[in-house]
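Work through the exercises below with the sequence and the structure at hand. Each task is followed by its solution in steps.

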Amino acid sequence: MILIVGASSTVGQALIPLLKDAGHSLRLSSRTPEKLAEFAGANVEIVQADLLDEESMRRACEGVEIVFASVASMFGYGKNASKHVDYTGQCKLIDIAQAAGVEHLVYMSTQEATHDNPVSFFRNKAKTEDYLRASGLSYTILRASAFFSPHVELIGESVLKGGKAMIMGQGENPRNFIANSDAAQFAFIALTNPQAHNQTIDIGGPDNLTSKEVAELYAQVAGVELKSQIIPRFVIRMMSTIFKPFHTGLSDVMKAVIDSDTRPKDFDASNILATYPVQLTTLEDWLKDQRDMTSA
């Protein structure tokens with residue numbers, strides 16, 4: 001049986017049908033299991049579990065051979081702050097999985113996970129990666145570039161509804177973006193292919209684009225003249241400072257925006273595709289699908 005922790009996440013929900021179609025028995029855990037009702041059926045068990053509730057995670061891991069950890073809390077604060085979820089909670093899950101006899105754990109991380117990153121969320125991810133590698137548990141760490149949802153959506157989703165694109169900072173630094181469904185395909189490989197065991201794998205999409213290029217693509221797909229709202233860097237820095245005392249998550253998000261606007265974050269997916277062939281989704285194709293759903 002495969003346990004998906006955080007099954008209601010965008011990657012988790014895209015992964016579920018891939019595993020079901022391949023004949024795997026699944027246990028889907030979420031703090032809000034009602035979000036998973038559409039997946040109920042044969043060989044699918046839906047349970048309520050919280051990464052910060054050790055007893056619920058012990059129950060979720062009982063009788064499970066493989067775990068996919070897809071929980072993240074960049075926007076969290078207070079008891080759900082990143083340090084509690086993305087480090088303490090994830091490390092406790094690793095311990096619980098190991099004690100339960102889990103054979104393999106796949107952890108969804110990010111290419112931004114470094115110990116010197118200015119954003120605490122990414123530093124917490126890096127520490128969890130280290131903990132998993134040192135645990136003795138068979139693992140795969142997937143380090144994804146920026147997901148289409150929410151990163152691309154924050155820039156231009158409103159364009160499809162007749163609004164303005166939002167450009168945070170200068171918007172001229174290239175970033176790599178990956179479709180959430182493509183990340184799910186890599187997760188499927190990590191869960192089912194022994195070749196991926198005990199590997200740290202950087203994954204990304206086919207597009208390296210600036211925020212301005214993303215906004216222009218939105219306008220092109222929507223068939224409208226681009227209108228943008230520009231938020232200068234000094235305003236973003238000020239927002240990070242203002243949010244910090246009462247919402248560490250939003251403060252972190254503002255720091256991440258500045259970092260993305262000042263350091264190139266491009267990625268060449270050719271090496272990983274040579275090992276694990278995945279048909280990657282271009283941003284243009286994804287936007288056309290979003291446009292069609294918006295107009296339906």
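Helices (H or I, at least four residues) and strands (E, at least two) are DSSP runs, numbered from the N terminus. The model is predicted, so local features need pLDDT of at least 70 and side-chain atom pairs count only at pLDDT 80 or more, while totals for chains, interfaces and linings use all residues. Residues are numbered from 1 along each chain as its sequence is written, and side-chain values use heavy atoms, with hydrogens and water left out.

**Exercise 1.** Place Gly23 in the fold and state whether Gly23 is buried or exposed.

Step 1. Gly23 sits in the loop between α1 and β2.
Step 2. Buried means under 20% relative accessible area, exposed over 50%, and partly exposed in between (1.4 Å probe, protein chains only).
Step 3. The relative accessible area of Gly23 is 56%, so Gly23 is exposed.
Step 4. Gly23 and Asn43 are 20 residues apart along the chain, and their C-alpha atoms are separated by 8.5 Å.

**Exercise 2.** Describe the backbone and exposure of Asn43 and Asn198.

Step 1. Asn43 belongs to the loop between β2 and β3 (44-48), and its phi is near 65°, a positive value in a residue other than glycine.
Step 2. With a relative accessible area of 52%, Asn43 is exposed.
Step 3. Asn198 is in the loop between α6 and β10; its phi, near 55°, is also positive in a residue other than glycine.
Step 4. Asn198 has a relative accessible area of 43% and is therefore partly exposed.

**Exercise 3.** Find the residues joined by a cis peptide bond.

Step 1. The bond lies between Ser149 and Pro150, with omega about 20°.
Step 2. Pro150 is part of helix α5.

**Exercise 4.** Characterise the largest nonpolar core.

Step 1. A nonpolar core is a set of buried Ala, Val, Leu, Ile, Met, Phe, Trp, Tyr and Cys residues joined through side-chain atoms within 4.5 Å.
Step 2. The largest one has 36 residues, and Leu28, Phe68, Leu142, Phe186 and Ile203 have the most contacts inside it.
Step 3. Among the elements that give two or more residues to this core are β1 (2-5), α1 (10-21), β2 (26-30), α6 (180-192) and β10 (199-203).
Step 4. The largest share, 7 residues, comes from α6.
Step 5. Contact means heavy atoms within 4.5 Å. Leaving aside neighbours within four places in sequence, the contacts of Ile203 include Leu142, Ala183, Phe186 and Phe267.

**Exercise 5.** Check the length of α6 and list its buried residues.

Step 1. The expected span of a helix is 1.5 Å times one less than its number of residues.
Step 2. The 13 residues of α6 should therefore span 18 Å, and its end C-alpha atoms are 19 Å apart, which agrees.
Step 3. The buried residues of α6 are Asn180, Asp182, Ala183, Ala184, Phe186, Ala187, Ile189, Ala190 and Leu191.

**Exercise 6.** Repeat the check for α7 (residues 211-222) and look just past its end.

Step 1. The 12 residues of α7 should span 16 Å at 1.5 Å a residue; the end C-alpha atoms are 17 Å apart, which agrees.
Step 2. Ser211, Val214, Ala215, Leu217, Tyr218, Ala219 and Val221 are the buried residues of α7.
Step 3. Gly223, just after α7, takes a positive phi of about 70°.
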